[in-house]
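Trainee: Please give me a close look at the opening stretch of this chain. Tell me what its residues meet, too.

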Amino acid sequence: MDKIKFFELVTEWFEVLGVVSMVFGFLFAFVIAGRSWFRTRDGGSAFKTLRETLGAVILLGLEILVAADLVKTVTSSPSLTDAAVLGMIVLIRTVLSLSIQIEIDGVLPWRKALVTGPELLVRAARGSGGRAMPDAPSS
């Protein structure tokens, strides 16, 4: 297998992984929200959990899809058009990620501690199970 075919395959796997993470994450978000509702019987809390978890899942999927676009662009024959298309894709996905992050947290990302999509998923999972959630990741 030559290098170009290998990187095309890697790119396809990244794209599949991004979509699969969003699909399974979508289901995971509803399970977590259901656990939250079952534990607290508070619809508002369950909805907030669902909203935060769905946002985190979308953020994670977008991060993986950006990685796929980067691999695709770096491994293809360089052209100004490819670079412009990648720039637009990354810009659109960055704006989406930023707006989702603001929607989840209620504050601008640079005004709070850095939290990634996977960390939000872990916090949501811990919160629906009744265990205490740490405010910041430990290093």
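Mentor: Here is a short view of the whole, then a walk along that stretch and on to what follows.

This is a predicted model, in which local features need pLDDT of at least 70, side-chain atom pairs count only at pLDDT 80 or more, and totals for chains, interfaces and linings use all residues. Residues are numbered from 1 along each chain as its sequence is written, and side-chain values use heavy atoms, with hydrogens and water left out.

Start with the whole. The protein has four helices and zero strands; these are DSSP runs, H or I of at least four residues for helices and E of at least two for strands, numbered from the N terminus. Read from the N terminus, the order is α-α-α-α. Of the 139 residues in the protein, 28% are buried. Buried means under 20% relative accessible area, exposed over 50%, and partly exposed in between (1.4 Å probe, protein chains only). The accessible surface is about 9,100 Å², by the Shrake-Rupley method with a 1.4 Å probe. Carbon and sulfur atoms hold 70% of that surface. Now take the contacts, meaning heavy atoms within 4.5 Å. Among those with a separation of 6 or more, 64% link residues 24 or more positions apart.

Your stretch is helix α1, residues 3-40. Begin at Lys5, which is found in this helix. Lys5 is exposed, at 51% relative accessibility. Look across to Thr75: Lys5 and Thr75 are 70 residues apart in sequence, yet 10.0 Å apart in space from C-alpha to C-alpha.

Next, the rings. Two rings of Phe, Tyr or Trp (its six-membered ring) pair if their centres lie within 6.5 Å; planes under 30 degrees apart count as stacked, over 60 as edge-to-face and the rest as tilted. That rule gives two aromatic pairs. Phe6 and Phe7 form an edge-to-face pair, 5.2 Å centre to centre with 70° between the planes. Phe6 is partly exposed, with a relative accessible area of 41%. Phe7 is partly exposed as well, at 31%. Phe26 and Phe30 also pair edge-to-face, 4.9 Å centre to centre with 65° between the planes. Phe26 and Phe30 are about one helical turn apart, because they sit four residues apart in helix α1. An α-helix has 3.6 residues a turn, so residues three or four places apart point the same way. Phe26 is partly exposed, at 42%. Phe30 is partly exposed too, at 42%.

Now go to two buried places. Thr11 lies in helix α1. Its relative accessibility is 4%, so Thr11 counts as buried. What does Thr11 touch, leaving aside neighbours within four places in sequence? Thr11 is in contact with Ala68, Val71 and Lys72. Those partners lie in helix α2, residues 43-75.

Ser21 is in helix α1. Ser21 counts as buried, at 16% relative accessibility. Not counting residues up to four places away, Ser21 touches Val57, Gly61 and Ile64. The side chain of Ser21 also reaches the backbone oxygen of Gly18 at 2.8 Å. That is a polar contact: a pair of N or O atoms within 3.5 Å, where within protein one must be able to donate a hydrogen and the other to accept it, and residues adjacent in sequence count only if both atoms are side-chain atoms.

Then the chain leaves your helix. Arg41 lies in the loop between α1 and α2. Arg41 has a positive phi of about 55°, although it is not a glycine. The charged end of Arg41 sits over the ring of Trp37, 4.4 Å from its centre. For that, NZ of Lys or CZ of Arg must be within 6 Å of the ring centre and within 35 degrees of the ring normal. At the start of α2, a side-chain oxygen of Asp42 comes to within 3.2 Å of the backbone nitrogen of Gly44.

Finish with what follows. Helix α2 has 33 residues and reaches 48 Å from its first C-alpha to its last, close to the 48 Å expected at 1.5 Å a residue. The expected span is 1.5 Å times one less than the number of residues. Helix α3 has 26 residues and reaches 37 Å, close to the 38 Å expected. The buried residues of α3 are Leu86, Ser97, Ile100, Gln101 and Ile104. Asp105 is in α3, residues 80-105. Asp105 is partly exposed, at 25%. Asp105 and Gly55 are 50 residues apart in sequence and 9.9 Å apart in space, C-alpha to C-alpha. Just after α3, Gly106 takes a positive phi of about 80°.
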